[in-house]
Amino acid sequence: MATKSPAKAAATHGSQPALHQKGVQIQEFGTVRQLPVGLSHDARMYSCERLNQCLADTQILYSLYKKHHWLMRGPTFYQLHLLLDKHAGEQLELVDVIAERIQSLGGVAIGDPRHVAEITVIKRPPDGVEEVPAMISRLLEAHETILIAAHDAASRADEMGDDGTNDLLVSQVIRTGEMQAWFLAEHLVDTPLVEA
């Protein structure tokens, strides 16, 4: 058995990081590995495809929340600034949960923002600042887009026996989205504040 020279041993165990490494792609996006989770390849593939769409759209919704949180204006600034930041944090938690579900099914979670931008179905906002009602309406439209898809995906995952994906979509994505949409929609009601 060959032993390493002292110079090579020092190089491999030294404190210098091994920088600029290149590797080969070991799993392509859109594929699933076989994991012992008790689900068919087709069920896992279907769930990963739907979850990746939900993940991309949720990442965009998170970004919209942060953008509108920063750009909020007017007399309701304080309340909406705080509310939008709270909702953004909840969306960010969903991003992580959805990505981990994809990975647990043997898939590859979409993570690169450039890839997310290619597959999201959420409409792109203007680069500048919109009026407050337009910002809220934009968030509500994004929520509804995600919720419609999540209801459909949850139902189909249930039909395919994927209880975990169904549960994630119903108990986390849908319930969070419905609650947030309710809170936002109430800010678009024109009602007197002092006298009726």
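**Exercise 1. Is histidine 20 buried or exposed, and where is histidine 20 found?**

Solution. Start with the accessibility: histidine 20 has 72% relative accessibility, so it counts as exposed, the cut-off for exposed being over 50%. Bear in mind that this is a predicted model. Next, place the residue: histidine 20 sits in the loop between α1 (6–13) and α2. Finally, look at the backbone: phi of histidine 20 is near 55°, which is a positive value in a residue other than glycine.

**Exercise 2. Work out how α5 and α6 run relative to each other, and what lines their contact.**

Solution. Two packed helices are described by the angle between their axes and the distance between the axes. Here, helix α5 covers residues 132–159 and helix α6 covers residues 163–185; their axes come within 9 Å and cross at roughly 160°. Angles over 145 degrees count as roughly antiparallel, so α5 is roughly antiparallel to α6. For the hand, the crossing of α5 and α6 is left-handed. Now sort the residues of this contact by class: you should get 16 nonpolar, 7 polar and 3 charged.

**Exercise 3. Do the job again for α2 and α5: find the angle, the hand and the residues that meet.**

Solution. Take the geometry to begin with. Helix α2 spans residues 41–71, and its axis comes within 10 Å of that of α5, with a crossing of roughly 165°. The two are therefore roughly antiparallel to each other. As for the hand, α2 passes α5 in a left-handed crossing. Then go through the contact residues. On the α2 side they include Tyr46, Arg50, Asp57, Leu61, Tyr65 and His68; on the α5 side, Met135, Arg138, His143, Ile146, Asp152 and Arg156 are among them. Sorted by class, the residues of the contact of α2 with α5 come to 13 nonpolar, 4 polar and 5 charged.

**Exercise 4. Which residues is glutamate 130 in contact with, leaving aside its neighbours within four places in sequence, and is glutamate 130 buried or exposed?**

Solution. Find the residue: glutamate 130 lies in the loop between α4 (113–119) and α5. Check its accessibility: the relative accessible area is 18%, so glutamate 130 is buried, as that class takes values under 20%. Leaving aside neighbours within four places in sequence, glutamate 130 touches His68, Pro125, Met135 and Arg138. One of these gets an extra look: a polar contact of 2.8 Å links the side chains of glutamate 130 and arginine 138. You've met some of these names before, since His68 of α2 and Met135 and Arg138 of α5 also belong to the contact in Exercise 3.

How values were computed
Residues are numbered from 1 along each chain as its sequence is written. This is a predicted model: local features need pLDDT of at least 70, side-chain atom pairs count only at pLDDT 80 or more; totals for chains, interfaces and linings use all residues. Side-chain values use heavy atoms; hydrogens and water are left out. Axes are lines fitted to C-alpha atoms, for helices over the stretch in contact, and angles run from 0 to 180 degrees between N-to-C directions. Helices (H or I, at least four residues) and strands (E, at least two) are DSSP runs, numbered from the N terminus. Angles under 35 degrees count as roughly parallel, over 145 as roughly antiparallel, 65 to 115 as roughly perpendicular and the rest as oblique. A crossing is left-handed if the near helix is turned anticlockwise from the far one by less than a right angle, and right-handed if clockwise. Ala, Val, Leu, Ile, Met, Phe, Trp, Tyr, Cys and Pro count as nonpolar, Asp, Glu, Lys and Arg as charged, and the others, Gly among them, as polar. Contact means heavy atoms within 4.5 Å. Buried means under 20% relative accessible area, exposed over 50%, partly exposed in between (1.4 Å probe, protein chains only). A polar contact is a pair of N or O atoms within 3.5 Å; within protein, one must be able to donate a hydrogen and the other to accept it, and residues adjacent in sequence count only if both atoms are side-chain atoms.
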